[in-house]
Amino acid sequence: MSRLDARRILIGVTGGIAAYKSAELIRLLRKENAEVRVVMTPAASEFITPMTLQALSGNPVRQSLFDQAHEAAMGHIELARWADLILVAPGSADFMARIAHGLANDLLTTLCLAAEAPLVIAPAMNQAMWRNAATQANRQTLVERGILIWGPDEGSQACGETGLGRMLEPTELLDRTVDQLSGGRLSGVGVLLTAGPTREPIDPVRFIGNRSSGKMGFSLARAFAAAGARVVLVSGPVAQSTPVGVQRIDVETAAEMHVAVMDQVAACDIFVACAAVADYRPVEVHDQKIKKLEEQLDIRLERNPDILAGVAALQPPPFTVGFAAETHRPVEYAEQKRRNKRVDMIAANLVGAAEGGFERDENALTVLWDGGDLELPMSDKGVLAERLVTVIAEHYEQKYRTENT
Ligand code: PMT
């Protein structure tokens, strides 16, 4: 049996040099027995002919919203309803901008607006265009609305530059399509995540906190949900919107985060500790605002419970992933934490004024596990989260398979 028997996939092709790869993608989808229909934007046909895609898909290619023959029966609505999945590959910066702003000024954008099927965009563009603040703001808007963004990949580009912006390879897009239509690679898997900072009260108006914005943890929650997992996110105080399909539990202190995690952990298969949890809290919490009377003020602190180590010590533990935020020697200290806390995997990042990690939109990670490591270079936290979820899924599946054989 083929992996996409009778599944209906609408391929959108927009204007970009990667349009030549759509031909291979369509061929691969058909080989898996998918029904494929193609819609091209006017710019796309500057890069590849409709005739090629018609021959490969086995169906007429639609290009115009104002096609009298098709639109007599509201063809764009019919197409939108027909699809099990809409995959726009390549998705140009212009297409992302138009969808982010709700424009319906050609057939492809119109049917994307009218569709209820999952919409996936595989971006492809010059690396500077991808990094441009406008494109990133559009990407963020799309992701927050539940649109799936697959890629882009890193490497050399047709324009001669190198960086993030290459469309994912057709084989990768095929595998992701299969996963998506079967509910996602992590379909049925429970993921519990922590994110954001904790606040440890000193008095009713002051607390000990840290610079975590929650961006990394919320991006991970979004990427796990997009991979089909059931996601519970325990978050400290942050200004992030809850990703579509994610159950969020808000807490303030490390002790509250500990209780919330221990309440939820039995139902999870994977636990990821991305929160920047305060290691210490004030021994005494004043019930009135402390007055400015003394030249010096001592605040005695006591240790908070280590949530990550506590989860890893459960019998049996979930697949457990920690983070290590370090200002120097990140890999060395992260490896110590991995061993001491007995976690399956740890992601090290540099933090501090010059390095980022905290607060910024971009981050870089070194992922460590028993006997291996992987560098995930500096990129947008959304893209980085997708990559980390893929690594976690691979190792989780490997461990699960090994334990069940
Ligand atoms: O939120 P952003 O602004 O996007 O920033 C992202 C980030 C820098 C916060 C994130 O990438 C990160 O590194 N998170 C972990 C921060 C941290 O507390 O690291 P740590 O090295 O102090 O702790 C090691 C691990 O133990 C972490 O997984 C932490 O969640 C966990 N821990 C720590 C103390 C504690 N009491 N309980 C814990 O579970």
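**The ligand site and three residues of a predicted model**

Good morning. I begin with Pro-243, which is found in the loop that links strand 11 (230-235) to strand 12 (246-250). Please keep in mind throughout that this is a predicted model. Is Pro-243 buried or exposed? Its relative accessibility is 4%, and because buried means under 20%, Pro-243 counts as buried. Pro-243 also has a partner to note in Ala-225: the two are 18 residues apart in sequence, while their C-alpha atoms are 8.1 Å apart in space.

Let us turn to the ligand. Where does the ligand sit? It occupies the second largest pocket. Helix 10 (215-226), helix 12 (307-312), strand 16 (319-326) and helix 13 (330-341) are the elements that each give two or more residues to the shell around the ligand. Of these, strand 16 contributes the most, with four residues.

How many residues surround the ligand? There are 29, and those that come nearest are Ser-213, Ala-275, Lys-337, Asn-349 and Glu-359. Sorted by class, the shell holds 15 nonpolar residues, together with seven polar and seven charged ones.

I would now like to look at individual atoms. An N or O atom in the side chain of Lys-337 is 2.4 Å from an oxygen atom of the ligand. For Asn-349, a side-chain N or O atom is 2.6 Å from a ligand oxygen. With Gly-357 the backbone takes part: one of its polar backbone atoms is 3.2 Å from an oxygen atom of the ligand. How much of the ligand does the protein bury? Taken alone, the ligand exposes 770 Å², and the protein buries 95% of that area.

Two arginines remain. Arg-139 belongs to helix 8, which covers residues 133-144. Its relative accessible area is 7%, so Arg-139 is buried. Which residue does the side chain of Arg-139 contact? The side chain of Asp-380 is joined to that of Arg-139 by a polar contact of 3.0 Å.

Arg-3, by contrast, is located in the segment before strand 1 (8-13). Its relative accessibility is 42%; since this value lies between the limits of 20% and 50%, Arg-3 counts as partly exposed. In sequence, Arg-3 and Asn-33 are 30 residues apart, yet from C-alpha to C-alpha they are 7.4 Å apart in space.

To close, I return to two points: the ligand sits in the second largest pocket, and Arg-139 is buried, whereas Arg-3 is partly exposed. Thank you for your attention.

How values were computed
Residues are numbered from 1 along each chain as its sequence is written. This is a predicted model: local features need pLDDT of at least 70, side-chain atom pairs count only at pLDDT 80 or more; totals for chains, interfaces and linings use all residues. Side-chain values use heavy atoms; hydrogens and water are left out. A residue is near a molecule or strand if one of its heavy atoms lies within 4 Å of it. A polar contact is a pair of N or O atoms within 3.5 Å; within protein, one must be able to donate a hydrogen and the other to accept it, and residues adjacent in sequence count only if both atoms are side-chain atoms. Accessible areas come from the Shrake-Rupley method with a 1.4 Å probe; for residues, only the protein chains shown count as cover. On a 1 Å grid over the protein atoms alone, a cavity is a set of points where a 1.4 Å probe fits but cannot get out, and a pocket is an open set with protein on both sides within 12 Å along at least five of seven lines; lining residues have an atom within 4 Å of a point. A molecule sits in a cavity or pocket if more than half of its atoms lie within 2 Å of its grid points. Ala, Val, Leu, Ile, Met, Phe, Trp, Tyr, Cys and Pro count as nonpolar, Asp, Glu, Lys and Arg as charged, and the others, Gly among them, as polar. Buried means under 20% relative accessible area, exposed over 50%, partly exposed in between (1.4 Å probe, protein chains only).
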